[in-house]
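Reader: Please take a close look at a single part of this model, covering its packing and its charged contacts. A connected account would be appreciated.

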Amino acid sequence: MAAITYKCPNCGGGLIFEPETQKYKCEYCLSRFMQADLKGQAFGENGGETAETGEEEAALADGGYSAAGEAAVYSCPSCGAEVATDPTTAATFCYYCHNPVILSGRLRGEYLPDCVVPFSIDRKRAEGMFREWIGKKKYVPKDFYSPGQIEKLTGVYFPYWLFRCRIDGKLRAQGTKIRSWTTGNMRYTERKTYQVERQGMVKINYVARNAIHKADSRLCEGVLPYPKEGIKPFSMGCLSGFVAQKRDRRKEEFIPEVYQEVKDFALVKLKESAGGYSELKVSQQIADVEDARWDYGLFPVWTLTYKGPKDGKMYYFAMNGQTGKICGELPVDGGKLFGLFMCIFLPVLLVLLGVGYFLPL
C-alpha cells in the first residue's frame, strides 16, 4: 500500500512517536513501545522497505494513488477515507479518523532520507515555550496567540541537504610585527617582516541547506543548527504523529554556494592560526575540497503561521524541535502602538502647553 499507519500491538490503534520518551505511544490504550518491540512493523531502516514492499509497488503501479494537478489522493489504511496531499507531503493525518498516515511511497529510492533528527520537544512543552516567548512581545495582535491559533502549532519534519567534506588549505603571506617604545624624549618604532606559511586540514560537518521550495528559507534556516549528536539513521516510525515534507530541490543548486562558504571558512581559520602579527598581507591561498558528501535528512521544527488580516502578509513562528531555538517574524498591532504613542505624546504635550501658558509674552 502507498499509505501506512503503524498499529498498536495491544489494541490496533494508531501509534505516534512521543518526543518526551522517544517511544511509540498508542493514543487509545496509552501503551508505549520501543522500536525494538515493533519488529513486525518494519520502520524503513534498510532502504525504506517494509514487509509489504511488494504490495506497495503493485499498488503504485495499479494507481494506488492518483495525481490530479498537483494533488495526490491516498486511501487511509485505518478507515479507507481519501487523504489528499500536495506533492511534497510525506507524513500527515487522516482528516476523518485522525490517525497518523505516512505516505511511504514518497520516501523511497532517491527520496529516502539518509538521516533524521527525532523531535525531543513535545507539543505541550512547545506550547509553553511559545507562550513564554510571545509574552515578551507587547505589540503583537491578540489573535496571533489566541487559543484557536495555538492549536494550529504543528510539528513538521523539514527536509535539508547536509554537506560534509575535508578542506586541505595552504596560505602564504607576509607578516609584520611592529613594536614602539619611548626612551627619554625619543620615540622609536621597530618593524620586523616575516615570511609566513600555513598548511592544514579542516573537517566540515553538516552544512545545512533548505531542500524544499515552498518553505520560507528564513523559517528553515532560522532554527539552525542541529547538533550532530542528535542525528540518527533514518527511521520511518519517527514521522508517525507529525507532518513531514519531502525534498523537491536538488543538491546541485547549492554546490557553488556551499563550496565557496566552506573554502572561505577554512582560509579564515588558517589566517587565525597565523596570529601575533600587526599586519598580515596574503600573497597566496589555496583551499581544496576533498571527500565531499551530501546527505539528505529530515529535521524537526514546530511551526505556527498567521496571515495578517490587513496586509495579507504571512507571519510565522518557528522553533527547533530538538534545541528549542526560536525565530519568527511577528505582526504588529497598530492599535497597541497608537496607545503607546498617546501615552507618551499626550503627557508631553500637556507639559509643553502648561509651560507655554505660564511663560510671559
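Author: A salt bridge is counted here when a side-chain nitrogen of Lys or Arg lies within 4 Å of a carboxyl oxygen of Asp or Glu. The model is predicted, so local features require pLDDT of at least 70 and side-chain atom pairs pLDDT 80 or more, while totals for chains, interfaces and linings use all residues. Residues are numbered from 1 along each chain as its sequence is written, and side-chain values use heavy atoms, leaving out hydrogens and water.

The part chosen is helix 5, residues 255-273. Helices (H or I, at least four residues) and strands (E, at least two) are DSSP runs numbered from the N terminus. Helix 5 has 19 residues and spans 27 Å between its first and last C-alpha, close to the expected 27 Å, which is 1.5 Å times one less than the number of residues.

Buried denotes under 20% relative accessible area, exposed over 50%, and partly exposed the range in between (1.4 Å probe, protein chains only). Val 258, Val 262, Ala 266, Leu 267 and Leu 270 are the buried residues of helix 5. Viewed down the axis, they fall within an arc of 165° and so line one face of the helix; the arc is taken from the directions from the axis to the C-beta atoms. Pro 256 and Glu 272, on the other side, are exposed. The buried residues pack against strands 10 (154-183), 11 (186-210) and 14 (279-307), contact meaning heavy atoms within 4.5 Å.

Helix 5 also takes part in a salt bridge: Glu 261 pairs with Arg 209, their closest N and O atoms being 2.3 Å apart. Because Arg 209 belongs to strand 11 and Glu 261 to helix 5, the pair ties together parts 52 residues apart in sequence. Arg 209 is buried, at 10% relative accessibility, whereas Glu 261 is partly exposed, at 36%.
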